[in-house]
Amino acid sequence: MAENTQVDVSRLTFERAIEELETIVKRLEDGKVPLEESVTIYERGEALKRRCEDLLRQAEARVDKITTDASGQATGTAPLDVQ
């Protein structure tokens, strides 16, 4: 687990972030993690959760951009600046 905490959360894909988050949740639910480590991985989990939420919002915005126009018909796609 220690090597995962070295990876910058903002560079993770959704799939990698959710996988790591699930691992953290399982470890915390098992209750076998020392208190100090629990706090550290909980904080990492919060950062991962925010990353996943951000990526989902970005994906939702892209889907909305593709499917929405004045008449309700798809007219194509355009790059979406979600930054």
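Which residues make up the largest nonpolar core? Keep that in mind while going through the views below, all taken from a predicted model.

**View 1. The whole chain, two helices and zero strands.**
Start with the overall picture before zooming in. The protein has 83 residues, and 20% of them count as buried. Its accessible surface comes to about 6400 Å², with 51% of that belonging to carbon and sulfur atoms. If you look at contacts with a separation of 6 or more, 56% of them are between residues 24 or more positions apart.

**View 2. The largest nonpolar core, ten residues in all.**
Here is the reply to the opening question: the set consists of Val9, Leu12, Ala17, Leu21, Ile24, Val33, Ile41, Ala47, Leu48 and Cys52. Two elements give two or more residues to this core, namely H1 and helix H2, which covers 35-67. H2 gives the most, with four residues.

**View 3. Cys52, a core residue in helix H2.**
Cys52 has a relative accessible area of 5%, so it counts as buried, the cut-off being under 20%. What does Cys52 touch once its neighbours within four places in sequence are left aside? The partners are Phe14, Ala17 and Ile18. Ala17 is also on the core list. Another core member to pick out in this view is Leu12. Leu12 and Cys52 are 40 residues apart along the chain, and their C-alpha atoms are separated by 9.1 Å.

**View 4. Glu20 and its polar contact with Arg44.**
Is Glu20 buried or exposed? Its relative accessibility is 1%, so this glutamate counts as buried. Glu20 sits in helix H1, which runs over residues 14-30. Its side chain makes a polar contact with the side chain of Arg44, at 2.7 Å.

**View 5. Glu37 and Arg27, a salt bridge from helix to helix.**
The two side chains meet at 2.7 Å, N to O. Glu37 belongs to helix H2 and Arg27 to helix H1, so the pair ties together parts that are ten residues apart in sequence. As for cover, Glu37 is partly exposed at 30% relative accessibility, and Arg27 is partly exposed too, with a relative accessible area of 24%. This pair is one of five salt bridges in the count.

**View 6. Glu19 and Arg16, a salt bridge within helix H1.**
Where do these two residues lie? Both are in helix H1, three residues apart, about one turn of the helix. Their closest N and O atoms are 3.1 Å apart. Glu19 has 45% relative accessibility and counts as partly exposed. Arg16 is partly exposed as well, with a relative accessible area of 27%.

**View 7. Lys49 and Glu53, a salt bridge within helix H2.**
Move along to helix H2 for this pair, where Lys49 and Glu53 are four residues apart and therefore separated by about one helical turn. The closest N and O atoms of the salt bridge are 3.3 Å apart. Lys49 has a relative accessible area of 33%, which makes it partly exposed. Glu53, at 32% relative accessibility, also counts as partly exposed.

Methods:
Residues numbered from 1 in each chain as written. Predicted model: local features only at pLDDT ≥ 70, side-chain atom pairs only at ≥ 80, totals over all residues. Heavy atoms only, no water. Buried < 20%, exposed > 50% of the residue type's maximum accessible area, 1.4 Å probe, protein only. Contact = heavy atoms within 4.5 Å. Areas by Shrake-Rupley, 256 points an atom, 1.4 Å probe, with all protein chains shown as cover. Polar contact = N/O pair within 3.5 Å; in protein donor to acceptor, adjacent residues only side chain to side chain. Core = buried A, V, L, I, M, F, W, Y, C linked by side-chain atoms within 4.5 Å. Salt bridge = Lys/Arg side-chain N within 4 Å of Asp/Glu carboxyl O.
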